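This report describes the fold and the pocket of one protein model, for a reader who has the sequence and the coordinates at hand.

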Amino acid sequence: MLKVCITGHRPNNLYGYRKKGKYEILGNTIFNLIEKLYIQSNRHITLINGGALGADQIFALESINLKNKYKYDNNAEIKLVLVKPCLQQDKLWQPSLQNRYKEICSHMDEIITINQEYTKSCMKERNMYMVDNSDIVIAVKRDNVWGGTQQCFKYALSKGKEIILINPETLLMKRVNK
């Protein structure tokens, strides 16, 4: 079974919080990519996300869409996994964002919690867990933005993981370490 995870920017480093159209286009790009990977994997795939706002949740929603599209395919196996950095990941989010997160969680086949409480390192530990348990890492990232996405990308490189880079502005994809 092919295992694929995502790392990517939060809304402030993607398109902001109000540009719905750009998110829909990014969502379509991610859906097409994971569907292609699903078909290439002989219809057996695990899709792992970290539940964070931005790229993680877009990936989670498109993973749910993929599972729904193929739910009547008896030969399909699509497993959805959410890896929480801590139990109350969504504690400080707006109610509408908390509701979307709860909806995403309700569709997951498995939810893994790295730490019970928030710590300075729980996000990094979550990212490392996802990379360590994946064959392919999808990275939705800009070149010159430092943060958790860049750290996760560098960690995936150091582990020799195949990485599919998606530029959020151009939506061009590039494979690394293949």
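The text below treats the sheet, then the helices that pack on it, and lastly the pocket.

The model is predicted, and its local features are described only where pLDDT is at least 70. Seven strands form an open sheet in the order 4-3-2-1-5-6-7, and the pairing within this sheet is mixed. Strand 4 (110-115) and strand 7 are the edge strands, each of which pairs on one side only, while the twist from one strand to the next averages 20°. Strands of a sheet pair through backbone hydrogen bonds, in either the parallel or the antiparallel sense. One pair of each sense is set out in the table.

| Strand pair | Sense | Bridges | Bridge partners |
|---|---|---|---|
| Strand 2 (residues 44-49) and strand 3 (residues 77-86) | parallel | six | Ile45 with Ile78 in strand 3 |
| Strand 6 (residues 162-166) and strand 7 (residues 173-176) | antiparallel | four | Ile166 with Met173 in strand 7 |

Strand 6 and strand 7 form a hairpin with six residues between the strands, and in this hairpin Leu171 takes a positive phi near 65°.

Two helices may be described by the strands that they touch. Helix 3 packs on the sheet through strand 3 and strand 4, and the direction of helix 3 makes about 135° with that of strand 3. Helix 4 also packs on the sheet, where it touches strand 1 (2-8), strand 2, strand 3, strand 4 and strand 5 (136-140), and the direction of helix 4 makes about 155° with that of strand 3.

Helix 4 (residues 122-132) has a further partner in helix 5 (residues 148-158), since the axes of these two helices come within 10 Å and cross at roughly 35°; the crossing is right-handed. On the side of helix 4 the contact is made by Asn127, Met128, Val131 and Asp132, which meet Gly148, Cys152, Tyr155 and Ala156 in helix 5. By class, the residues of this contact divide into five nonpolar, two polar and one charged.

Which residues lie closest to the centre of the largest pocket? The largest pocket has a volume of about 410 Å³, and of the 18 residues that line it, Tyr17, Tyr23, Ile58, Leu61 and Arg100 are the closest to its centre. The elements that give two or more residues to this lining are helix 1 (20-40), helix 2 (55-69) and helix 3 (95-106). The lining residues divide into seven nonpolar, five polar and six charged.

Methods
Residues numbered from 1 in each chain as written. Predicted model: local features only at pLDDT ≥ 70, side-chain atom pairs only at ≥ 80, totals over all residues. Heavy atoms only, no water. Axes fitted to C-alpha atoms, helices over the stretch in contact; angles between N-to-C directions. Left-handed = near helix turned anticlockwise from the far one by under 90°. Contact = heavy atoms within 4.5 Å. Nonpolar A, V, L, I, M, F, W, Y, C, P; charged D, E, K, R; others polar. 1 Å grid on protein atoms, 1.4 Å probe; cavity = no way out; pocket = protein on both sides within 12 Å on 5 of 7 lines; lining within 4 Å. Points joined across faces, edges and corners; volume = space filled by probe spheres on them. Pairing = 2+ DSSP bridges.
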